[in-house]
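Please open the structure in your viewer and keep the selection tool at hand. The tour proceeds in short stops, each with something to select and a description of what is there.

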Amino acid sequence: MGSPIETLIRDAITRGVEALATFNRKRMPAPTHANPFLTGIHAPMTEERTLTELVVTGTIPAGLDGRYLRIGPNPVAPDPAAYHWFIGDGMVHGVALTDGRALWYRNRWIRSNAVASARGVVPAPGPRHVFDTVNTNVVDIDGRTFALVEAGSYPVELGETLDDQRYNPFDGTLQGSFSAHPHRDPKTGEQHAICYEGREPGTIRHVVIDATGQVIREEPVAVKHGPMIHDCAITDRFVIILDLPVTFSMKALISGHGFPYRWNPGHAARVGLMPRHGRQEDIIWCPVTPGYAFHVANAHDTEDGQVILDLCVYDTMFGDDAQGPDARSRGLERWTIAPASRTVTIRTLDAAPQEFPRPDERFFGQPYRHVWSLALPADPASRFLGATALYAHDLTTGERQIHDFGTNRHPGEFVFVPETADSPEGHGWLIGFVIDMATETTDLVILDARRFQEPPVATIHLPHRIPPGFHGNWIRNETR
Ligand SMILES: [Fe+2]
């Protein structure tokens with residue numbers, strides 16, 4: 001769709017669909033059970049806090065100078081019938097560390113129009129695009145901090161203390177939606193993302209941001225059915241597109257569901273190898289066994305011309321009217337993609353259910369050895385809740401180590417932070433939140449990645465429960 005008339009027609013149809021969805025949302029039957037993503041461990045926080053007297057156990061590594069930031073859904077006024085975990089109002093949690101001390105903890109809602117209205121505060125300034133709920137990732141791009149979401153909203157630039165917020169499409173250089181998972185190429189400093197937009201089911205975009213934080217490429221790619229593409233990967237030659245069978249569902253939207261994506265067995269699963277500077281006609285599309293992946297661990301080219309892609313995979317996803325993830329994890333897999341024959345060979349690296357794989361990102365797009373991930377409970381009905389462990393995978397030896405936090409202690413994603421910029425791969429820290437359900441408190445835990453199974457080197461204790469969220473990163477303080 002491109003002409004003004006087509007745009008007018010589309011906008012009119014969109015308004016009609018949205019009105020119908022809103023009408024039906026109000027008529028959805030009251031839930032017969034508590035929404036699991038609004039109760040228990042997920043019960044949202046009801047206030048913003050600033051804490052400066054933090055209790056610390058152990059020794060915070062003196063080299064950690066910056067902020068650990070993690071974002072997730074924390075709805076202000078959700079409708080339990082229509083609420084899906086992925087659509088909750090975003091809240092950022094931050095802990096600042098320097099010189100071996102914990103300076104502060106802060107949590108702040110992303111001030112979307114709805115959050116600002118509900119809380120009686122001024123919305124964050126800046127342009128809006130499609131929607132303005134931002135809840136999925138918080139990253140450093142060129143020394144600036146951005147909160148991110150896929151499928152619509154522009155990014156939100158955050159100030160040091162999280163109070164300053166501004167919707168910012170990379171200084172006006174971004175034309176459309178963005179992704180929650182841009183990946184930085186350590187060789188070039190460029191960020192690569194595959195972006196989709198809820199209102200454009202026939203097109204996705206390869207977006208590249210240069211080392212100064214400006215968009216330098218938005219290359220369209222034609223797709224069918226509006227696939228939900230959460231993540232991507234890069235190699236020296238390619239950006240890898242995961243076109244898998246979770247697609248936009250008009251039926252779900254019109255029925256009033258807040259999250260309109262569903263498993264679609266009629267959508268052919270395929271992986272695309274797009275030359276980094278190529279166009280859509282250059283993409284090498286390779287059929288793959290159906291499944292769904294939110295997150296890649298890493299990818300790289302091999303000397304014999306193949307492409308290695310490691311990722312966490314599910315047999316299906318969003319197959320029912322669930323309020324969150326609902327499928328069986330196939331574990332951590334290695335997909336070997338042969339461009340010449342357009343085939344994908346799948347090998348299970350670890351069949352244990354797991355999510356949030358993170359490598360040492362200085363090796364993103366390159367051969368690598370280490371990946372850390374979060375254990376998931378085996379039963380899909382548990383919807384991600386209940387596991388208490390992290391995994392450390394050594395892909396060279398095939399060894400897997402387990403760090404179990406113990407009964408009632410539930411970790412989220414942990415991020416790897418190198419000890420110094422030129423430390424060998426895997427020499428550094430693993431940082432993340434662990435929720436203690438027995439005490440309704442949360443710890444920011446720092447593990448030594450090389451002594452993964454030993455007790456944490458430091459634990460910063462927070463006196464309240466932080467609901468499970470999505471992604472966190474270490475944002476280093478830098479003199480720029
Ligand atoms: Fe994600």
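## First stop: a network of charged side chains

Begin by selecting glutamate 157, which is buried, with a relative accessible area of 14%. Please bear in mind throughout that the model is a predicted one. Next, add arginine 166, whose side chain meets that of glutamate 157 in a salt bridge with an N to O distance of 3.1 Å. Arginine 166 counts as partly exposed, at 39% relative accessibility. In general, side chains of opposite charge can pair when their charged atoms come close.

Now turn to a salt bridge elsewhere in the chain. Select arginine 409 and aspartate 436, whose closest N and O atoms are 3.1 Å apart. This pair links distant parts of the chain, since arginine 409 belongs to strand β28 (residues 409-411) and aspartate 436 to strand β30 (residues 428-436), 27 residues apart. Both arginine 409 and aspartate 436 are buried. Then return to the starting point and extend the selection: salt bridges that share partners join Arg144, Glu157, Arg166 and Asp171 into one network.

One further pair deserves a selection, namely aspartate 360 and arginine 362, whose side chains form a salt bridge at 2.6 Å, N to O. Aspartate 360 is buried, with a relative accessible area of 1%, whereas arginine 362 is partly exposed at 24%. The count of salt bridges in the model comes to 28.

## Second stop: the iron ion

Select the iron ion. Which residues coordinate the iron ion? The donor atoms are the NE2 atoms of His181, His230, His295 and His471, at 2.0 to 2.1 Å. The angles among the four donor atoms run from 90 to 165 degrees, and the site is irregular. Along the sequence, the donor residues follow the spacing H-x48-H-x64-H-x175-H.

Where do histidine 295 and histidine 471 lie? Histidine 295 is in the loop between β19 (284-287) and β20 (296-301), and histidine 471 is in the loop between β32 (458-462) and β33 (472-476), so the pair ties together parts that are 176 residues apart in sequence. Both histidine 295 and histidine 471 are buried.

## Third stop: the sheet from β20 to β23

From histidine 295, move on to β20, which follows the loop holding that residue. Four strands make up an open sheet here, in the order β20-β21-β22-β23, and their pairing is antiparallel. β20 and β23 (343-350) stand at the edges with a single partner strand each, so one side of each is left without a neighbour in the sheet. On average, neighbouring strands of this sheet are turned by 25 degrees against each other, direction ignored.

Within the sheet, select residues 307-314 for strand β21 and residues 329-338 for strand β22: these two strands pair in the antiparallel sense over eight bridges. To see one such position, select isoleucine 308, whose bridge partner in β22 is threonine 336. In general, strands of a sheet pair through backbone hydrogen bonds, either parallel or antiparallel.

## Last stop: the sheet from β10 to β13

Finally, display the open sheet of four strands with the order β10-β11-β12-β13, in which the pairing is antiparallel. Which are the edge strands? They are β10 (183-184) and β13 (215-222), each of which pairs on one side only. β10 and strand β11 (residues 191-196) pair in the antiparallel sense over two bridges. To finish, select histidine 183, which stands opposite histidine 192 in β11.

Note on methods
Residues are numbered from 1 along each chain as its sequence is written. This is a predicted model: local features need pLDDT of at least 70, side-chain atom pairs count only at pLDDT 80 or more; totals for chains, interfaces and linings use all residues. Side-chain values use heavy atoms; hydrogens and water are left out. Donors are N, O and S atoms within 2.8 Å of the metal (3.2 Å for Na, K and Ca); water is not among the atoms, so sites may look incomplete. Four donors count as tetrahedral if all angles lie between 85 and 135 degrees; four count as square planar and six as octahedral if opposite donors are over 155 degrees apart and all others between 65 and 115; anything else is irregular. Buried means under 20% relative accessible area, exposed over 50%, partly exposed in between (1.4 Å probe, protein chains only). Two strands pair if DSSP finds at least two bridges between them. Axes are lines fitted to C-alpha atoms, for helices over the stretch in contact, and angles run from 0 to 180 degrees between N-to-C directions. A salt bridge is a side-chain nitrogen of Lys or Arg within 4 Å of a carboxyl oxygen of Asp or Glu.
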